Structure formats: C-alpha cells, structure tokens
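Here are some exercises to help you find your way around a new structure. Try each task with the model in view, then read the worked solution below it.

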Amino acid sequence: MIVLGVESSCDETGLALYDTERGLLSHALHSQVAMHEEYGGVVPELASRDHVRRAIPLLKETLARADLPMSAIDAIAYTQGPGLAGALLVGSSIANALALALDKPVLGVHHLEGHLLSPLLATERPAFPFIALLVSGGHTQLMRVDGVGKYTLLGETLDDAAGEAFDKSAKLLGLGYPGGPAISTLAESGDPTVYKLPRPMLHSKDFNFSFSGLKTAVLTVVKNHEEKVVANICAQDKANIARGFVDAIVDVLTAKCVSALRHTGLHRLVIAGGVGANTQLRASLNAAAAKKNFKVYYPELEFCTDNGAMIAFAGALRLQQNPGAAKREYGFNVRPRWPLDQIDTPAT
Ligand code: KG4
Ligand code: ZN
C-alpha cells in the first residue's frame, strides 16, 4: 500500500510517499523560514498562501523522485492538527480534493503522532514500549508509548515549549528566526562558567516543565549587562549567555527524561520534534544513556523538524492497524488544538 503524506501545519510544506512494503519512497519539502524571517516569526496568513503555492509542485516532485504516476497512490494522509488553522486547511483541502479525484481514501493524522513515530523511519528502530520526549516549537511533552496509538502523557510544559524558549531567547540575543539552531551554534563558543541560569522545575518530582522563567532570566542578564542593549554586547559575551541558556535547558530536559525512564522502568528513549536536532541536547542525552544504561533513538536529522515523511508514515501505520481508518467521505475539519491524549476522540 502506497500512502501519500501531506504536511502543512506550520511553516513547512512536506509531501512524501511511503510504501508499507518498501518503506519511504520519496519526499519533498519546502521551508518558509526565509519568508517569515523578516517578520521575526511565522505570519499565519503568509504561511497558508505559501502552502497553496508549494503543495502541487512538491507533489509532482515527490512522484517524479519515486518514478510513480499519481494513480499509484492508494491512500492519502494529511496533518489534521494541531497547528495553524489556515495552514492546516490548505493541506486538508488538497488531500481531500486529490483523494476525491483519484477515488482513494483519505485520513487525518495527528502532527505530534507523526513526530513521535518518526524515529521508526530510521535504520535503527526502537521497539515498543519506549519513553518519548517530544520537543517542538509548540510542544514539550514526555510520553510513554506502548504502540501505535497507545500514548500516555507523563508530563508537559506548563508554559513555553522548549522550541519557543530557544526562539524567544535567541530573539533576545538579536539572533534571527528560527532561533534554535542559531543560539545552539553560538553557544558552542561560549564559556559555561560565566552565566549560570536557573534550571526551572529540575527538582519538581514530576515530569512537567516550565521554560518561560528561563527566557526571562536571559532577558534579565541582557538588561543588567553593562552594555544594556544586546547590540553592544561583544560576540564572546553573547556566546557566553547563549551557553548559559543552552546548558540550563539541556540539563532540565535530560534530567526529566532520566527520571521518566527510572519511574517507568523502561530503557529506551525516543527524541522527536525540532529541538531533537539540537547537538548539545544529543550530547547530554548520549552521555546520560552511557552512564545510566539506556538507549536513545533519534529521527534522521531531516525528519526532526516538520516533514511529509512522518505524516505518510504515521498514516500508513494507522492504516495497517485499521484499514477502515481512511474514509471516502470527502470534506474535512481541521483540529488546530488537538491534545495527543485525545487522539482517538472524534472531531466535533
Ligand atoms: O518540530 P518543529 O519543526 O515544528 C513544530 O512542530 O513546532 O520544531 C521547530 C522548533 C523551533 O522552535 C526551532 O527553533 C527548534 O525546533 N529547533 C531547534 C533546533 N532546530 C530546530 N532548537 C534547538 N536546536 C536546534 N538545532
Ligand atoms: Zn512539528
């Protein structure tokens, strides 16, 4: 069975073809980062319009790369939520229109389920059950995963998501959008002993997170700096602040993963979502894994951030589990707010 995946929940348009027998056949992606950069963040209306422009050329590219005609598609999976309403509507309307034209079934997929299962696309696949740390621009959650669709929320952020903390702190340091990769690169040349920032909720004895205070701590460092404005802070000291921030967030994320593993008695940890691409987080988790005797699994770097492959893949797994999950009832409702623990509750 060949499943076409369509991702359009935020600022990436992703299309992919996944074959349940042969694996991922092809994928194509357009990132809108350059377009949103000048506004310092995603502009929802521009995002929607750009998805409209990109989706069909990317579909053609995906089919060409797999050397397949449109008629080879057996089912279409699209991101139904969570995400930006307008952006989701573009992907869902394209998926439903295509499915109607091809007379194929269509299936709405949960974006976070896509992220959660994306490490299973890698060569080294984790077996169930495992703990998953989902760290994206909008979410920070620790889940216990017992199988496809079997997700138990252990804890989540009470305020900002990890990616959001990266982006906002990067902005405070005068770095571009998205700030995650930029602040991470800058931190590499920073001195870890200069700025010791707080580790929020490190000892909270639960699996929740809070990152808004960390962003405020970065703001306070900048405000109290003798230069007062970030533009005047020298490059080395900016790197020191970046290092202080990255070390703090990485420490908290690592500690909570370790305690979730200890609490559940599991030995496999999966990292998913854009922040999973972070090199310092990977180094810290790998060091903890060696020390505490667990194994960490990451998606391929290109599948850490939003992409169509994870949607095609999650759709394919869902269909293998329940072939009736895809429908020929065209028409759709997107779910901009859709908690993962309500994945099986029908849309109202
Ligand atoms: O999963 P994703 O692509 O989109 C959402 O579903 O939100 O995650 C995007 C987030 C952004 O906040 C971005 O700054 C962050 O992931 N990110 C990173 C890195 N690459 C992306 N954060 C830290 N280090 C990185 N290397
Ligand atoms: Zn995402």
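**Exercise 1.** Find which way strands β6 and β7 run relative to one another, parallel or antiparallel, and how many bridges join them.

*Solution.* This is a predicted model, so read each feature as part of a prediction.
- Step 1: start at strand β6, residues 130-135, and go on through the hairpin of 4 residues that joins β6 to β7.
- Step 2: compare directions. β7 (residues 140-147) runs antiparallel to β6, and 6 bridges join the two. F130, for instance, has V145 as its bridge partner in β7.
- Step 3: look for another partner. Strand β9 (residues 268-272) runs parallel to β6, with 4 bridges between them. Here I131 stands opposite L269.

**Exercise 2.** Decide whether the faces of β6 are covered or open.

*Solution.*
- Step 1: recall that side chains in a regular strand alternate between the two faces of the sheet.
- Step 2: sort the residues. F130, A132 and L134 lie on one side, while I131, L133 and V135 lie on the other.
- Step 3: check burial, which requires under 20% relative accessible area. Both sets are buried, and both faces are covered.
- Step 4: conclude. Because 6 of the 6 residues are buried, β6 is largely enclosed by the rest of the structure.

**Exercise 3.** Work out the strand order of the open sheet that contains β1, and find its edge strands.

*Solution.*
- Step 1: read across the 5 strands, which come in the order β3-β2-β1-β4-β5 with mixed pairing.
- Step 2: pick out the edges. β3 (23-31) and β5 (106-110) each pair on one side only.
- Step 3: follow the twist, which averages 20° from one strand to the next.
- Step 4: zoom in on one pair. β1 (residues 2-7) and β4 (residues 75-81) run parallel and are joined by 4 bridges, with L4 standing opposite I76.
- Step 5: add the helices. α3 (residues 85-102) packs on the sheet, touching β1, β4 and β5, and its direction makes about 160° with that of β4. Helix α10 (residues 309-321) also packs on the sheet; its direction makes about 135° with that of β1.

**Exercise 4.** Which residues coordinate the zinc ion (ligand 2)?

*Solution.*
- Step 1: list the donors. H111 and H115 each use NE2, and D306 uses OD, at 2.0 to 2.1 Å.
- Step 2: place them along the chain, where the spacing is H-x3-H-x190-D.
- Step 3: explain the two histidines. H111 and H115 are separated by about one helical turn because they are 4 residues apart in helix α4 (residues 111-117).
- Step 4: check accessibility. H111, at 6%, counts as buried, and so does H115, at 0%.
- Step 5: judge the geometry. The angles among the 4 donor atoms run from 93 to 143°, and the site is irregular.

**Exercise 5.** What span should helix α8 (residues 235-264) have at 1.5 Å a residue?

*Solution.*
- Step 1: apply the rise to its 30 residues, which should span 44 Å.
- Step 2: compare with the model. The end C-alpha atoms are 43 Å apart, which agrees.
- Step 3: count burial. As 22 of the 30 residues are buried, α8 is largely enclosed by the rest of the structure.
- Step 4: look just past the end, where G265 follows with a positive phi near 75°.

How values were computed: Residues numbered from 1 in each chain as written. Chains lettered and ligands numbered in written order. Predicted model: local features only at pLDDT ≥ 70, side-chain atom pairs only at ≥ 80, totals over all residues. Heavy atoms only, no water. Expected span 1.5 Å × (residues − 1). Buried < 20%, exposed > 50% of the residue type's maximum accessible area, 1.4 Å probe, protein only. Donors = N, O, S within 2.8 Å, 3.2 Å for Na, K, Ca; no water. Tetrahedral: all angles 85-135°; square planar, octahedral: opposite > 155°, others 65-115°. Pairing = 2+ DSSP bridges. Axes fitted to C-alpha atoms, helices over the stretch in contact; angles between N-to-C directions. Contact = heavy atoms within 4.5 Å.
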